[in-house]
Amino acid sequence: MGEKVVAGSFDLSDRQRYRGKLRECLAGLARLLEEKRFDRPKNLMGLEIELNLAGPDGMPRMMNAQVLERIASHDFQTELAMFNLEVNIAPHRLAGRVFDQLAEELGTSLAYAHRKAAEVDAGIVMIGILPTIDRDDLVSSNLSDGDRYTLLNDQIVAARGEDFVLDIEGVEHLVCTSKSIAPEAACTSVQLHLQVTPARFADVWNAAQAVAAAQVVVGANSPFLFGRELWRESRPPLFQQSTDTRPPELQAQGVRPRTWFGERWVSSAYDLFEENLRFFPPLLPICDDEDPLEVLDAGGVPKLAELVLHNGTVYRWNRPVYGIADGVPHLRVENRVLPAGPSVTDVVANAAFYYGLVRALAEEARPVWTRLPFASAAANFDAACRHGIDARLEWPRRGRYGGVAEVDAVHLIRDELLPLAAVGLDAWGVEPVDRDFYLGVIEDRCRLRVNGATWQAATFHQALEKGLGRDAALAATTRRYGELMHLGEPVHTWPVGLPEPVPLG
């Protein structure tokens, strides 16, 4: 989202030229794949986390520019709205004590950012949706400074041609409208990157799609929006509806939304980039001077700038990424399923579960995607978002009879997926002490049926029972969450409820 673009108005010729450049980029990608120009395996992973700024009262603070000025680090950058930041952790090789290293780096970075934010009466909160966020906070005037954010908002609004409708029915029902894409800024996520070779890409992407629901089951952390208790992970419906360029008539025709799970298993990375061109009109038709085919003819590596920019405006939950490092092109799978938080330990445990599970499933002799209909994977993702740790999922049966059965997600994860994740981490060369500790966090969440969403909801309801009004209960829950988040213990160990006030005297 933070990629630099230059503001300007677009006319018909801009869009025609951009569409032509996209086709050239796609042809360039096909040549790179055919000529086997991509980087060799390096077992590299990367991590990005979107963050919220909130004050001591638990309310959002619209001051990312001031906080970033004080942080003064290239690891931190703006996100969509003024109460958002993003932190990027440098790529790591998946081996050894990598997860402990990640936890230490992330903990140090967040503690430093939190101290700097405190200088302007703000703080860092790592959570899927800030419970205290209000409709009045999510307006276009609170978008971050930057041409990209303004342009993207203007183009999505123009494509839709009318107000955005948010209609999410969960524990409670939320219906409201917005004149901008600003509500999308409420969604703060963890993005897990994995560099893969073209030959491995499809297997890894398919595996990531298959396990997206399991990730949400254990990682859900976004039960509230605009004072309403909705889905256990409310980011996906909010993200889809707040960026939806389709008016109701196009939705009724079956036109695909730009925030998209997908509709099929793939056989190559090319499939996904090609689908993005075929299904989604460009939003930001900004052309680069590069001729990608000329660059290839000269033996160079093209940036494929138009393809990269267009790809960034199609919000797949597992997104293909083309990049260049040290003059060599590479492909990554960007997993965008998880909400931020609750603690650093939880984030790293979620990462260990994902990287281990994807490695094991991608190498199975009979891959899960050959036995699970894609529609079931999509339905699983929806069920996990709605019900979190209590979801039931469709999964291939073991044994000779085959077929698909509905199972309790927690039992599936404890009995089948966690052992697979352990095998995958062993294959990466992760030290057993890291493997056992971080997968143990996932196992304990399953055993106790606790994740960030259940803790938030339970603490909120306990506050209501003690007589607090809804707004006060949400603010108190947010403040308590922030305190426990910065202590760093995993969420399944957090005491439910607000601390008892200390008596005076």
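## The second largest pocket

Helix H12 hands over five residues to the lining of the second largest pocket, the largest share from any element. Keep in mind that this is a predicted model. The pocket holds about 380 Å³ of space. Two or more lining residues come from each of these elements: strand E5 (164-169), helix H6 (235-242), strand E10 (259-260) and helix H12 (374-387).

In total, 19 residues line this pocket. If you want to look at its middle, go to Trp231, Pro236, Pro237, Gln240 and Asp382, the lining residues that lie nearest the centre. As for chemistry, the lining splits into 11 nonpolar, four polar and four charged residues.

## A cis peptide bond

What kind of peptide bond joins Gly341 and Pro342? The bond is cis, with omega at about -5°. To place it on the chain, look between strand E13 (328-339) and helix H11 (344-362): Pro342 sits in the loop there.

## Positive phi outside glycine

Two residues to check on a Ramachandran plot are Asn43 and Asp121. Asn43 isn't a glycine, yet its phi is positive, near 55°. You'll find Asn43 in the loop that runs between helix H1 (12-34) and strand E1 (44-54). Its relative accessible area is 29%, so Asn43 counts as partly exposed.

Asp121 has a positive phi too, about 60°, and again this is not a glycine. The loop holding Asp121 lies between helix H3 (98-118) and strand E4 (123-125). Is Asp121 buried, partly exposed or exposed? With a relative accessible area of 43%, Asp121 is partly exposed.

## Cysteines without disulfides

How many disulfides does a search of the whole structure find? Zero. The cut-off here is a pair of cysteine sulfur atoms within 2.5 Å, and two cysteines show how the distances work out.

For Cys176, the closest cysteine sulfur belongs to Cys187 and is 12 Å away, so the gap is too far for a bond. Cys176 is also buried, at 7% relative accessible area. For Cys287, the closest cysteine sulfur is the one in Cys25; because the separation is 9.0 Å, that pair is too far apart for a bond as well. Cys287 is partly exposed, with 23% relative accessibility; the buried class needs a value under 20%.

Key
Residues numbered from 1 in each chain as written. Predicted model: local features only at pLDDT ≥ 70, side-chain atom pairs only at ≥ 80, totals over all residues. Heavy atoms only, no water. Helix = DSSP H or I, 4+ residues; strand = E, 2+ residues; numbered from the N terminus. Buried < 20%, exposed > 50% of the residue type's maximum accessible area, 1.4 Å probe, protein only. 1 Å grid on protein atoms, 1.4 Å probe; cavity = no way out; pocket = protein on both sides within 12 Å on 5 of 7 lines; lining within 4 Å. Points joined across faces, edges and corners; volume = space filled by probe spheres on them. Nonpolar A, V, L, I, M, F, W, Y, C, P; charged D, E, K, R; others polar.
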